[in-house]
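Colleague: I've got this model open at the bench and I'd like a close look at one part of it, the aromatic side chains. Could you walk me through how they pair up, and then whatever sits around them?

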Amino acid sequence: MKTVFRWVSRVSDAIAATLLAVIFFTFLLQIATRYAPKIIDYFGLAETFPALGAIQPLGWTLELIAILWVWVIFFSCAFVVREWDHVKFDIIYLSVSRRTRTIFAVISAVAIVAGMLYALLPTLDYIDWMKIRKTSTVRNPFTGGKIPMRTIFSVYGAFMIVVAIRYAWLAIDTIRNGPPKTELEVVLEAEAAAEAEKPS
């Protein structure tokens, strides 16, 4: 099972990294098409490089970046970002006993699951309704048609389902094995393991 989770984690990391790379190169393309003609004209090279001087800004780059950014955020939060990677205000949590931390962790996880499940059906209904709206400039590269907003925001529905499953599992795991280890505990255990592996 751990092998499957590790494989899913690596594939998810690769997908998120690819999305970020596409955002970056689309951004560079946007800058190039917007400013290349001005730079060519400024240096008096319009006659030397007429093709570069005639480039028009690409309007679809703005919309594509926005779409990919939505996917990066929700896909990564669902599949890539680990529990301890989230920003937390845990001063009170860290100051109480392990038993109280277990109670806090279970209540938090159950609250997140309940919130996600409560909002899931209305959210999916709204996402389905978004099929009547389509992208302004970005088109499906296979069909040439504009992309329905339902397709773009479907990642949010997947995010809600995956987060609900993850926190349900976290609640069960916390009840069985106690609260998740704090960052300090993880570091101390790693240091102890490194010390134990050193030859005496």
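Modeller: Six aromatic pairs turn up in this predicted model. Take Phe-24 and Phe-25 to begin with: their ring centres are 5.5 Å apart and the planes stand at 70°, so this pair is edge-to-face. An angle over 60 degrees is what earns that label. As for the surface, Phe-25 is exposed because its relative accessible area is 54%, while Phe-24, at 46%, counts as partly exposed.

Now move on to Phe-74 and Tyr-156, another edge-to-face pair, with 4.9 Å from centre to centre and 75° between the planes. This one is worth a look because it ties together parts that are 82 residues apart in sequence: Phe-74 lies in helix α3 (residues 60-79), and Tyr-156 lies in helix α6. Both partners are partly exposed, Phe-74 at 23% relative accessibility and Tyr-156 with a relative accessible area of 27%. The pairing goes further, too, since ring pairs link Phe-74, Tyr-156 and Phe-159 into a cluster.

There's also a ring with a charge for company: the charged end of Arg-101 sits over Tyr-93, 5.9 Å from the centre of the ring.

While you're on helix α6, which spans residues 149-177, have a look at Arg-150. Its side chain forms a salt bridge with Asp-128, with 3.0 Å between the closest N and O atoms. That pair links distant parts of the chain as well, 22 residues apart, with Asp-128 in helix α5 (residues 98-129) and Arg-150 in helix α6. Asp-128 has a second partner in Lys-131, where the N to O distance is 3.8 Å. Through these shared partners, Asp-128, Lys-131 and Arg-150 join into one network, and the count for the model is two salt bridges. Buried or exposed, where does this trio fall? In between: Lys-131 is partly exposed at 38%, Asp-128 at 31% and Arg-150 at 34%.

To put the helices in context, an unreviewed UniProt entry annotates residues 58-81, 102-121 and 152-172 as "transmembrane region". In the model, residues 102-121 are 100% helix, and their end C-alpha atoms are 30 Å apart. Residues 152-172 are also 100% helix, with 32 Å between the end C-alpha atoms.

Terms used: Residues numbered from 1 in each chain as written. Predicted model: local features only at pLDDT ≥ 70, side-chain atom pairs only at ≥ 80, totals over all residues. Heavy atoms only, no water. UniProt positions renumbered as here; feature names shortened; annotations may be inferred. Helix = DSSP H or I, 4+ residues; strand = E, 2+ residues; numbered from the N terminus. Salt bridge = Lys/Arg side-chain N within 4 Å of Asp/Glu carboxyl O. Buried < 20%, exposed > 50% of the residue type's maximum accessible area, 1.4 Å probe, protein only. Phe/Tyr/Trp six-rings, centres within 6.5 Å; stacked < 30°, edge-to-face > 60°. Lys NZ or Arg CZ within 6 Å of the ring centre and 35° of its normal.
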